[in-house]
Amino acid sequence: TGKLPFEALSVETLARRLGTNAALCAKIGRDTTQWKVREVGDGNLNLVFIVEGAGGAAVVKQALPYVRLVGDSWPLPLKRSFFEYHALTRQEARAPGSVPAIYHFDEGQALIIMEYLAPPHVILRHALIDGRQLANIARDIGLFMARTLFRGSDLSMVPKDRKADLALFADNIELCDITENLVFSDPYFDAKMNRHTPQLDGVVAELRADRDLKVEAQRLKHIFAANAETLLHGDLHSGSIMVTDQETRMIDPEFAFYGPMAFDVGMLLANFWMSFFSQRGHEEKGKRDAMRAYLLGVTAETWAVFRAEFSHLWRTERTGMLYQKSLFEDQGDRLGAEQALDHVLHQIWTDLLGFAGIEVHRRILGLAHNADFETIADEELRASCEARALKFGRHIAVNRRQIHSIDEVNTLAALIEQES
Ligand code: ADP
Ligand code: MG
Ligand code: MG
Ligand code: MG
């Protein structure tokens, strides 16, 4: 199929077109008359099919030559599938068991055949909206981020390999462009595709007139664009994570590229804080006080696990060209290596607060909103949740150099939540 021109799959054509695919047949059985195909994509960009056969099931994800959310007026290259495939293989190598297994990749058809994360797997965002307290997410996501971000960088890789990957992912131009505009700029002016809950008009005008905030957002954009530190997932929000009570898997790394370590961590934590501020919109079946406490605990634990694992890898796997052991441990200077580690972690901390603040803004003011707030039917109630989140985002972005601990951030979040 690699030589045929691209053609979007459909529920009707999938069995005919992939019926001879060896990897898929091996997984689900070759009797295509038994195949059942559903399209389940709920994302903004791509087609996702679940294919069930006599022997099992698999997922077929296919890119479209445009943005699904907007339509063919917004073209987007198929090669994002290539970056997603290459990111998944690297994430599996660097954090084994954290992503779906890959069965097949077809570059020409921009499709990836992968492991079906069957029920009870659900998207983490939906579990949090439902008020579920998952015991392992902080540990699993903290480890995933530390391992992928450390092992994709010059702290771990030899320069030749790291530069080859830097070049490979540098071509993911159009998806970077989406982040550069939708995350860092559009929320702060009257960009065409923006939308927000009408009751926020006043708050939105204030934020767009907020010079300190706009300068900070652009400094963060500068860091994002200019610091090719490691291979990012690039879209690590709670809609890109599937969970059961026991396990956690990251999906959808099509935005992967070389950028600052703090970006993935900041975006992820922002999604927990947004979930926190959205909880009062989901209290029709009971108070969410315990859920709010759980979510703040998750942010603290995620950051603690990240720091501990990153520090462990720093001490045991620092095989790249940065902060070489020959300068420190090999001379008996373990303190020097710890000093350098503290500098690196401090930089990640300071920047992640900025990225988190900006991520909160773009999910409320930009094009791509999230279900945490969108599913709050009462507009007044939704606006009051969103206004608190916006205020929190502004505070942590602008004051990120003066905030010293995750407990301090969570105290701020709790304070803003309690304001009338
Ligand atoms: P997009 O890039 O369009 O956002 P995603 O990769 O996020 O696409 O997938 C969209 C949806 O499809 C997910 O929210 C999830 O419900 C479902 N999905 C994607 N991959 C899998 C998988 N491996 N197993 C089960 N469901 C999946
Ligand atoms: Mg997605
Ligand atoms: Mg998406
Ligand atoms: Mg995606």
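Here are four short exercises with worked solutions on this predicted model.

**Exercise 1. Overall form**

Work out whether the radius of gyration of the protein agrees with that of a compact globule.

*Solution.* Start with the chain length: for 420 residues, a compact globule would have a radius of gyration near 22 Å. Next, take the value for the protein, which is 22 Å, so the two agree. For the extents, look at the C-alpha trace, which spans about 65 × 60 × 40 Å along its principal axes. Then add the secondary structure: 15 helices and 12 strands. Finally, consider burial and contacts. Buried residues account for 45% of the 420 residues. Of the contacts between residues at least 6 apart in sequence, 74% join residues at least 24 apart.

**Exercise 2. The nonpolar core**

Find where the largest nonpolar core lies with respect to the two domains.

*Solution.* Begin with the core itself: the largest one has 111 residues, and those with the most contacts inside it are Val60, Val265, Trp273, Leu352, Ala356 and Val360. Now ask which element gives the largest share: helix H10 (residues 261-278) does, with 13 residues. The last step is the domains. Because domain 1 (14-115) and domain 2 (122-418) both give residues to this core, it lies between them. To explore one member further, pick Trp273: leaving aside residues up to four places away in sequence, Trp273 touches Thr299, Ala356, Val360, Phe392 and Ala413.

**Exercise 3. The shell around ligand 1**

Describe the residues that surround ligand 1, and place the ligand with respect to the domains.

*Solution.* Count first: 20 residues surround ligand 1, and the closest are Gly43, Asn46, Val48, Leu117 and Asp252. Sort them by character next, and you get 10 nonpolar, five polar and five charged residues. Then look for strands: E3 (56-62) and E7 (111-115) each supply at least two residues of this shell. To finish, note that domain 1 (14-115) and domain 2 (122-418) both contribute to the shell, so ligand 1 lies between them.

**Exercise 4. The surroundings of Arg125**

Decide whether Arg125 is buried or exposed, and list its contacts.

*Solution.* Locate the residue: Arg125 sits in helix H4 (residues 124-129). Count its C-beta neighbours inside 10 Å: there are 22, and a residue is buried at 20 or more, so Arg125 counts as buried. Now list its contacts, not counting residues up to four places away in sequence: Arg125 touches Ser238, Gly239, Asn370, Ala371 and Asp372. As a last step, compare sequence with space: Arg125 and Ser275 are 150 residues apart in sequence, with 8.0 Å from C-alpha to C-alpha.

Note on methods. Residues numbered from 1 in each chain as written. Chains lettered and ligands numbered in written order. Predicted model: local features only at pLDDT ≥ 70, side-chain atom pairs only at ≥ 80, totals over all residues. Helix = DSSP H or I, 4+ residues; strand = E, 2+ residues; numbered from the N terminus. Buried ≥ 20, exposed ≤ 12 C-beta atoms within 10 Å, placed from the backbone. Contact = placed C-beta atoms within 7 Å. Near = placed C-beta within 6 Å. Nonpolar A, V, L, I, M, F, W, Y, C, P; charged D, E, K, R; others polar. Domains from an automatic or database assignment. Rg over C-alpha atoms; globule rule 2.2 N^0.38 Å. Core = buried A, V, L, I, M, F, W, Y, C linked by C-beta atoms within 7 Å.
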